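The following exercises concern aromatic contacts and strand order. Each task is followed by a solution in steps.

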Amino acid sequence: MAEPVVRIPDAKVALSTASVYPESTATAFEIAARLGYDGVEVMVWTDPVSQDIEALRRLSDYHRMPILAVHAPCLLITQRVWSTDPWTKLQRAQAAAEKLGASTVVVHPPFRWQRQYARDFVAGIWRMANETDVRFAVENMYPWRYRDREMLAYAPEWDVTKDDYRHFTVDLSHTATARTDAIHMIDRMGDRLGHVHLADGRGSAKDEHLVPGRGTQPCAEVLERLALTGFDGHVVIEVNTRRAMSSAEREADLAEALAFTRLHLASAVKVPRP
């Protein structure tokens, strides 16, 4: 006869430093430690501390917060961070991950106007992945929309499952913006899903990054599936708290996101009695 037990996967729950914006990278480490996150993902961007490996190491040591992932500077606002050459950015992200003990580099597919980079991207990511133990987890994006118009801003594809990568990052705010089925995307990623950006969305043209449970994405179902399949990557809370009226409100949002994740990442399964 079978009885239910709770299975909790080895996946660690991390806080993206982007989740505290407009507060600093240093503040993200402090909040992650206080709330009980397992670690952080460093978004490399215009904050000088996010670009400084020694400063990040000191923050990690002081707060006893391991750096689990490095998000390469792929955003429009980071085009000049760590060089204007996209391959140099990825090389520096890899070096940072190796020096900081992070297992994953998160990278976006190229913008369409980065033509040479886009042309070589799939082969180049494979080449870099073969040179390191760090995972290069390529993240799903979305078409840009304005009123009734849609622009394909990423190449080779915003739907990264259409190309051949060793590891993927699934972002549930991006599936909302793309108006695509998150569960089907995860099915297509299969065992190459190595990293999760957990957030919510309502299908707006804007990339919302809501606290999980406040939108229409199957955040709970995704976490329960990860638990059942023994997912051993990282689940990263990457939410937008810019509208928080105070630091206390921001921290409450991040505590809620962590509680939601821990709850649904622990899944009841039935096993035979001995």
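**Exercise 1. An aromatic cluster**

Which residues form one aromatic cluster with Trp87?

*Solution.* The model is a predicted one. Trp87 shares one aromatic cluster with Tyr117, Phe121, Tyr165 and Phe168.

**Exercise 2. Classifying ring pairs**

Determine how many aromatic pairs the model holds, and classify the pair of Trp87 and Tyr117.

*Solution.* Step 1: with ring centres required to lie within 6.5 Å, the count is 12 aromatic pairs.

Step 2: the ring centres of Trp87 and Tyr117 are 5.0 Å apart and the planes stand at 85°, so this pair is edge-to-face.

Step 3: Trp87 belongs to helix H3 (residues 86–100) and Tyr117 to helix H4 (residues 115–129), so the pair ties together parts that are 30 residues apart in sequence.

Step 4: Trp87 and Tyr117 are both buried.

Step 5: a charged residue completes the description of Trp87, since Arg127 lies over the face of this ring, at 5.9 Å from the ring centre.

**Exercise 3. A pair between loops**

Why is the pair of Tyr142 and Tyr154 edge-to-face, and where do Tyr142 and Tyr154 lie?

*Solution.* Step 1: the planes of Tyr142 and Tyr154 are at 75° and the ring centres 6.3 Å apart; the pair is therefore edge-to-face, the cut-off being over 60 degrees.

Step 2: Tyr142 is found in the loop between strand S6 (135–139) and strand S7 (144–146), and Tyr154 in the loop between strand S8 (149–151) and strand S9 (167–171), so the contact ties together parts that are 12 residues apart in sequence.

Step 3: Tyr142 is buried, as is Tyr154.

**Exercise 4. The surroundings of strand S3**

Describe the burial of S3 and the pairing of S3 with S2 and S4.

*Solution.* Step 1: in strand S3 (residues 39–43), 5 of 5 residues are buried. Gly39, Glu41 and Met43 cover one side, and Val40 and Val42 the other, all of them buried.

Step 2: strand S2 (residues 12–16) runs parallel to S3 and is joined to S3 by 3 bridges; Leu15 has Val40 as its bridge partner in S3. Between S2 and S3 the chain passes through helix H1 (residues 25–35) in a right-handed β-α-β crossover.

Step 3: strand S4 (residues 67–71) pairs with S3 in the parallel sense over 4 bridges, and Val70 in S4 is the bridge partner of Val42. From S3 the chain crosses through helix H2 (residues 53–63) to S4, and this β-α-β crossover is right-handed.

Step 4: for comparison with the record, UniProt lists residues 29–262 in an unreviewed entry as "domain: Xylose isomerase-like TIM barrel". Over residues 29–262 the chain is 38% helix and 17% strand.

Conventions:
Residues are numbered from 1 along each chain as its sequence is written. This is a predicted model: local features need pLDDT of at least 70, side-chain atom pairs count only at pLDDT 80 or more; totals for chains, interfaces and linings use all residues. Side-chain values use heavy atoms; hydrogens and water are left out. Rings of Phe, Tyr and Trp (its six-membered ring) pair if their centres lie within 6.5 Å; planes under 30 degrees apart count as stacked, over 60 as edge-to-face and the rest as tilted. Helices (H or I, at least four residues) and strands (E, at least two) are DSSP runs, numbered from the N terminus. Buried means under 20% relative accessible area, exposed over 50%, partly exposed in between (1.4 Å probe, protein chains only). A charge sits over a ring if NZ of Lys or CZ of Arg is within 6 Å of the ring centre and within 35 degrees of the ring normal. UniProt positions are given in the numbering used here, feature names are shortened, and annotations may be inferred rather than shown by experiment. Two strands pair if DSSP finds at least two bridges between them. A crossover is right-handed if, with the strands pointing away from the viewer, the path from the first strand over the helix to the second runs clockwise.
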